[in-house]
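Thank you for passing this entry on for a second reading. My comments are set out as numbered points, so that each can be checked separately against the coordinates.

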Amino acid sequence: MRLNSKGQVTIPAELRRKFGFEEGDEVEVIEVGNTLQIVRREGATRRGKRLTGHMRGRATTSMSTDELMELFRG
């Protein structure tokens, strides 16, 4: 990896998948001895939770979940 002009690095996709990092996740860089570690920020909400929280209560249908599932699975 190489630092860019803004001091940023890209975490390789294989490592992001392995450790469950997704776009929008909050991380911290911490100093441990003479090394730096990238860790998920404590208390940070995962991307999926943020998205579902954002969408909660926005439905415009009066259909039940069972009715919607029947419609989609038809």
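The points below take up the salt bridges, the nonpolar surface patch, the pockets and some individual positions.

1. The model is a predicted one, and the comments that follow should be read as descriptions of that prediction. Residue numbers run from 1 along the chain as its sequence is written.

2. Two salt bridges are present in the structure. One of them joins aspartate 25 to arginine 40, with 3.7 Å between the closest N and O atoms. Aspartate 25 belongs to the loop between α1 (13–19) and β1 (27–32), while arginine 40 belongs to strand β2 (residues 35–40), so the contact ties together parts that are 15 residues apart in sequence. Since the cut-off for a salt bridge is a nitrogen-to-oxygen distance within 4 Å, the value of 3.7 Å for this pair satisfies it.

3. Are the two partners of that pair buried or partly exposed? Aspartate 25 is buried, with a relative accessible area of 15%, whereas arginine 40 is partly exposed, at 29%. The assignment rests on the limit of under 20% for a buried residue, and the 15% of aspartate 25 falls under that limit.

4. The other salt bridge is formed by the side chains of glutamate 26 and arginine 41, with an N to O distance of 2.0 Å. Glutamate 26 sits in the loop between α1 and β1 and arginine 41 in the loop between β2 and α2 (47–55), so this pair, too, ties together parts that are 15 residues apart in sequence. Glutamate 26 is partly exposed, with a relative accessible area of 34%, and arginine 41 is likewise partly exposed, with 37%.

5. On the surface there is a nonpolar patch made up of Met1, Leu3, Val9, Val27, Val29, Leu36 and Ile38, which together have about 730 Å² of accessible area. Strands β1 and β2 each contribute at least two residues to the nonpolar patch.

6. Which residues line the largest pocket? The lining consists of Met1, Val9, Ile11, Pro12, Leu15, Arg16, Phe19, Phe21 and Ile38, around a volume of about 190 Å³. Helix α1 gives the most to this lining, with three residues. By residue class, the lining of the largest pocket divides into eight nonpolar, no polar and one charged.

7. The second largest pocket holds about 160 Å³ of space, and its lining is formed by Leu3, Gly7, Gln8, Val9, Val29, Leu36 and Ile38. Here the residues divide into five nonpolar, two polar and no charged.

8. Isoleucine 38 deserves a separate comment, as a residue of strand β2 that appears in the nonpolar patch, in the lining of the largest pocket and in the lining of the second largest pocket. Isoleucine 38 is partly exposed, with a relative accessible area of 41%. Its C-alpha atom lies 5.7 Å from that of glutamate 28, although isoleucine 38 and glutamate 28 are ten residues apart in sequence.

9. How many of the nine residues of helix α3 (residues 65–73) are buried? The number is zero, so helix α3 lies largely in the open. Glutamate 70, which lies in helix α3, counts as exposed at 55% relative accessibility. The C-alpha atoms of glutamate 70 and glutamate 23 are separated by 32 Å, and the two residues are 47 residues apart along the chain.

10. Two glycines complete these remarks. Glycine 74, just after α3, takes a positive phi of about 30 degrees. Glycine 48 is found in helix α2 and counts as partly exposed, at 40% relative accessibility. Between the C-alpha atoms of glycine 48 and glycine 74 the separation is 27 Å, for residues that are 26 residues apart along the chain.

Conventions. This is a predicted model: local features need pLDDT of at least 70, side-chain atom pairs count only at pLDDT 80 or more; totals for chains, interfaces and linings use all residues. Side-chain values use heavy atoms; hydrogens and water are left out. Helices (H or I, at least four residues) and strands (E, at least two) are DSSP runs, numbered from the N terminus. Buried means under 20% relative accessible area, exposed over 50%, partly exposed in between (1.4 Å probe, protein chains only). Patches are made of residues with over 30% relative accessible area and no salt bridge: like charges are joined within 9 Å, nonpolar side chains (Val, Leu, Ile, Met, Phe, Trp, Tyr) within 5 Å. Accessible areas come from the Shrake-Rupley method with a 1.4 Å probe; for residues, only the protein chains shown count as cover. On a 1 Å grid over the protein atoms alone, a cavity is a set of points where a 1.4 Å probe fits but cannot get out, and a pocket is an open set with protein on both sides within 12 Å along at least five of seven lines; lining residues have an atom within 4 Å of a point. Grid points are joined across faces, edges and corners, and a volume is the space filled by probe spheres set on the points. Ala, Val, Leu, Ile, Met, Phe, Trp, Tyr, Cys and Pro count as nonpolar, Asp, Glu, Lys and Arg as charged, and the others, Gly among them, as polar.
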